[in-house]
Number of protein chains: 2
Amino acid sequence: MAARMILTVTPNAALDVTYRVDTLRRGGTHRVGDVHTRAGGKGVNVADVLTQLGEPVQATGLADDVLRTRLPGFVPIAGPSRRTVTVVSDEEATLFNEPGPQISAWEWAALLTEFDLLAARADVVVLCGSLPPGVPVDGYAQLIRRSPAPVILDTDGEPLRQGLAAGPALIKPNLDELTRLLGRKPDLPADCAQLGVPVAATLGAKGACLSTSDGAWLACPPAVTGNATGAGDAFTAALARGLRLGTPWPDLLADAVALSAAAVCAPVAGTFDDPTYRRLAGLITVREA
Amino acid sequence: MAARMILTVTPNAALDVTYRVDTLRRGGTHRVGDVHTRAGGKGVNVADVLTQLGEPVQATGLADDVLRTRLPGFVPIAGPSRRTVTVVSDEEATLFNEPGPQISAWEWAALLTEFDLLAARADVVVLCGSLPPGVPVDGYAQLIRRSPAPVILDTDGEPLRQGLAAGPALIKPNLDELTRLLGRKPDLPADCAQLGVPVAATLGAKGACLSTSDGAWLACPPAVTGNATGAGDAFTAALARGLRLGTPWPDLLADAVALSAAAVCAPVAGTFDDPTYRRLAGLITVREA
């Protein structure tokens, strides 16, 4: 019998493309010196971080044939999968996110079938990112209802709203996503308590807030500088491992904040800086909120 | 026997991707509303313009499988073919050009074989654009020496310099390319006369200069506003048609300047605005230089 694992699902997987340029000039023509590509999308990043942590993990989702050369476990689509283009100069990183390909009803049905197969072996399921056009807006709600394992939901907008109603084990909004969900600037942690499920809200440089029926906690990381892209995915990876191991809530929050800060110190999404993670592991202060 | 035609060769064909955004913010994250793609590269654009003109044309070059769904006449490469990304906002267009894929010796050899087959039926050959990594820097020179038909060469840098030595029928540099070729700001048309082959140099809004052993001419277009991307390719298309028909040099120059201006009035590379072209056809003044 195959070993148990954490399952991440990325319906809108992407090819992350990075262009390095000297200076980004609006209205200019740029000869791109260096083109770097990697398979991306939140769930792919979460799986990469879990792999670096040594956790058993499997990633699935929807991907075209080009992307499936890098994501062989994904369900094929007629495609084309979306790309994200990040233009990196010495000054800053500028991102362009394509919306994603049109998904047919049978492609979505194929993902449901694959999900049932894999989720039967999952200790924790993580549902990640946007839904591409054509996937029912209650797509994540469908997966949560089918899942035999607890589900962490990391998405935005209506898929988050409908997913919430299906009772995930934990949601992981950032401040913008939480604001959109509530329809106003959140009062933390009070507003989270009203959502009916545990909420781990990331607050950028201010750390994170965890609200559960057992209590609420705040954790603040030391200041780190680097690339915040993918920090939220490292946070989610830590939540998935903690849920799988039954880590107590405050320890889980501290670990997620430390791993997230260590991801900021790593240059690429889906990775974290191991020395930073080990250094921060004992240093995160968690207080009841 | 298959009909005779104009052959365009694009060793570094591209997928031209256009992202529409409201405003380009340096350092920002942009959700791209509309993604438009088309097969591109100079020779593809030249062939598209010739098709719109009703001229018999065939396009070949090197392309990966994704691009070959749109360019079936191209020789397959392991790829991936390069992309060009144009970010269009209301204010301006910002371009990012990837360098192109690594081409193997046998992929280049396959293009030579295909070229021999097609060039035997060509009245005029047009060699267009950059050479991707791996193609010998004398790649265009090789094609010029093999060609049974007169060759128009539209490229830059060392491929232009080496191609020139192989004796093309005509080269079509823009002012930047001519400056790089000469190593200094050109004195027109005197400097062109020293290059040993006919030169049709495009000068942006100032029109174009044609230098041949029969004489030299300058032509200036009326002011037009629009998208200059692809205007040079329309210019080259007119040169190819004129060479095929044996159009006298001054008439050929006037026609190329008119078609180029009509391309500025069209929104996409590879097309021209037909009413503008017909309106300008009699209005271009050509003077001896």
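**Warm-up: a covered helix**

Helix α9(B) is mostly covered, since 13 of its 16 residues are buried (20 or more other C-beta atoms within 10 Å of a residue's own; exposed is 12 or fewer, partly exposed is in between, and C-beta atoms are placed from the backbone). Before we dig in: this is a predicted model, where local features need pLDDT of at least 70, side-chain atom pairs count only at pLDDT 80 or more, and totals for chains, interfaces and linings use all residues. Residues are numbered from 1 along each chain as its sequence is written, with chains lettered from A and ligands numbered from 1 in the order in which they are written.

**Exercise 1.** Check the length of helix α9 of chain B against its expected span, then look at B:Asp255.

*Solution.*
- Step 1: Helices are DSSP runs of H or I with at least four residues, strands are runs of E with at least two, and both are numbered from the N terminus.
- Step 2: The helix covers residues 249-264, and its 16 residues at 1.5 Å a residue should span 22 Å (the expected span is 1.5 Å times one less than the number of residues). The end C-alpha atoms sit 23 Å apart, which agrees.
- Step 3: B:Asp255 belongs to this helix, and it counts as buried because it has 23 C-beta neighbours inside 10 Å.
- Step 4: Leaving out residues up to four places away in sequence, B:Asp255 touches B:Ala238, B:Gly242 and B:Thr247 (contact: C-beta atoms, placed from the backbone, within 7 Å).
- Step 5: For contrast, take B:Ala110, 145 residues away along the chain: its C-alpha atom is 35 Å from that of B:Asp255.

**Exercise 2.** Work out what relates chain B to chain A.

*Solution.*
- Step 1: Superpose the copies by least squares on the C-alpha atoms of residues with pLDDT of at least 70 in both. Chain B lands on chain A with a rotation of 179°, a shift of 0.0 Å along the axis and an RMSD of 0.0 Å.
- Step 2: That is how a two-fold axis relates its copies.
- Step 3: Within chain B, the residue closest to the rotation axis is B:Arg26, its C-alpha 4.1 Å away.
- Step 4: Both copies use the same surface, as 100% of the contact residues of chain B recur in chain A.

**Exercise 3.** Describe the side of chain B that touches chain A.

*Solution.*
- Step 1: Count heads: the contact takes 20 residues from chain B and 20 residues from chain A.
- Step 2: On chain B, β3 (29-31), β7 (82-88) and β8 (93-97) each supply at least two of them. β8(B) gives the most, with five residues.
- Step 3: Sort by class: ten are nonpolar, six polar and four charged. Here Ala, Val, Leu, Ile, Met, Phe, Trp, Tyr, Cys and Pro are nonpolar, Asp, Glu, Lys and Arg are charged, and the others, Gly among them, are polar.

**Exercise 4.** Trace the sheet that contains strands from both chains.

*Solution.*
- Step 1: Two strands pair if DSSP finds at least two bridges between them.
- Step 2: Start with β3 of chain A, joined to β8(B) by three bridges in parallel; A:His30 stands opposite B:Phe96.
- Step 3: Carry on across to get an open sheet of five strands, β3(A)-β8(B)-β7(B)-β2(B)-β4(B), with mixed pairing. Its edges are β3 of chain A and β4 (34-40) of chain B, each pairing on one side only.
- Step 4: Zoom in on β2 (residues 14-20) of chain B, which pairs in parallel with β7(B) over seven bridges. There, B:Thr18 has B:Thr86 as its bridge partner.

**Exercise 5.** Is β5 of chain A enclosed or open, and which strands does β5(A) pair with?

*Solution.*
- Step 1: Six of the seven residues of β5(A) (57-63) are buried, so the strand is largely enclosed by the rest of the structure.
- Step 2: One partner is β1 (residues 5-10) of chain A, parallel over five bridges, with A:Thr8 bridged to A:Ala59.
- Step 3: Another is β6 (residues 75-76) of chain A, parallel over two bridges; here A:Leu62 stands opposite A:Val75.

**Exercise 6.** Find a cis peptide bond in each chain.

*Solution.*
- Step 1: In chain A, go to the bond from A:Gly79 to A:Pro80, which is cis with omega near -5°. A:Pro80 lies in the loop between β6 and β7 of chain A.
- Step 2: In chain B, try B:Leu188 to B:Pro189, cis with omega near -5°. B:Pro189 is in the loop between α6 (175-182) and α7 (190-193) of chain B.

Key:
Contact = placed C-beta atoms within 7 Å.
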